[in-house]
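Dear colleague,

Please find below the structure that I am handing over to you. My notes on what was found in it follow directly after.

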Amino acid sequence: MDPGARRAAVAGHSGLVGRALLERLRDCPQYNQIHCVGRRPPDRQEARIVFHPHDLKTVPALPPLDDAYCCLGTTIAKAGSQDAFREVDDAMVRRFAQAA
């Protein structure tokens with residue numbers, strides 16, 4: 001396999017864990033495409049980073065992937081309610097898994 005032929009997706013790339021993971025993936029020459037699924041685009045743009053915006057209700061279609069990393073998570077305080085918390089920590093995680 002070409003050492004730069006892997007494709008990964010990261011959900012939650014703007015959070016603490018997701019940012020750290022995205023930096024690690026950027027440093028890894030194995031990945032020629034990194035698909036970021038989130039509400040905000042990544043801090044740094046580069047040719048191999050593809051941003052897929054979402055609205056917490058849907059996850060956009062993703063291309064075939066080799067690896068998928070889910071870094072989604074919130075707190076009830078940040079989410080504002082139990083239902084909003086479950087939407088992120090359960091439903092959105094499931095949607096990302098299905099898309100990946």
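In β4, the residue that serves as bridge partner of Ala8 is Asp67. Please bear in mind throughout that this is a predicted model.

The sheet

The bridge just mentioned belongs to a wider arrangement. Strand β1, residues 6-11, pairs with β4 in the parallel sense, over four bridges. Taken as a whole, the sheet is open and consists of four strands in the order β3-β2-β1-β4, with parallel pairing. Its edges are formed by β3 (49-53) and β4 (67-70), each of which pairs on one side only. On average, neighbouring strands of this sheet are turned by 20° against each other, direction ignored.

The helices on the sheet

Helix α1, which covers residues 16-27, packs on the sheet and touches β1, β2 (31-38), β3 and β4. The direction of α1 makes about 160° with that of β2. Helix α3, residues 82-99, lies across β1, β2 and β4. Relative to β4, helix α3 runs at about 175°.

The largest pocket

For bench work, you may wish to look at this region in the viewer. The largest pocket has a volume of about 500 Å³. Its lining comprises 21 residues, and those nearest the centre are Arg39, Arg40, Gly73, Thr74 and Val88. Which elements each supply at least two residues of this lining? They are α1, β2, α2 (76-79) and α3. Of the contributors, α1 gives the most, with three residues. By character, the lining divides into nine nonpolar, nine polar and three charged residues.

The surroundings of Leu62

One residue outside the strands and helices also deserves a note. Leu62 lies in the loop between β3 and β4. Is Leu62 buried or exposed? Its relative accessibility is 15%, and Leu62 therefore counts as buried, the cut-off for buried being under 20%. Leaving aside residues up to four places away in sequence, Leu62 touches Ala9, Val37, His52, Phe96, Ala99 and Ala100. Among these partners, Phe96 is 34 residues from Leu62 in sequence, while the C-alpha atoms of the two residues are 9.4 Å apart in space.

In summary, the model shows an open four-strand sheet with parallel pairing, on which helix α1 packs, and a largest pocket lined by 21 residues.

With kind regards

Key
Residues are numbered from 1 along each chain as its sequence is written. This is a predicted model: local features need pLDDT of at least 70, side-chain atom pairs count only at pLDDT 80 or more; totals for chains, interfaces and linings use all residues. Side-chain values use heavy atoms; hydrogens and water are left out. Two strands pair if DSSP finds at least two bridges between them. Axes are lines fitted to C-alpha atoms, for helices over the stretch in contact, and angles run from 0 to 180 degrees between N-to-C directions. Contact means heavy atoms within 4.5 Å. On a 1 Å grid over the protein atoms alone, a cavity is a set of points where a 1.4 Å probe fits but cannot get out, and a pocket is an open set with protein on both sides within 12 Å along at least five of seven lines; lining residues have an atom within 4 Å of a point. Grid points are joined across faces, edges and corners, and a volume is the space filled by probe spheres set on the points. Ala, Val, Leu, Ile, Met, Phe, Trp, Tyr, Cys and Pro count as nonpolar, Asp, Glu, Lys and Arg as charged, and the others, Gly among them, as polar. Buried means under 20% relative accessible area, exposed over 50%, partly exposed in between (1.4 Å probe, protein chains only).
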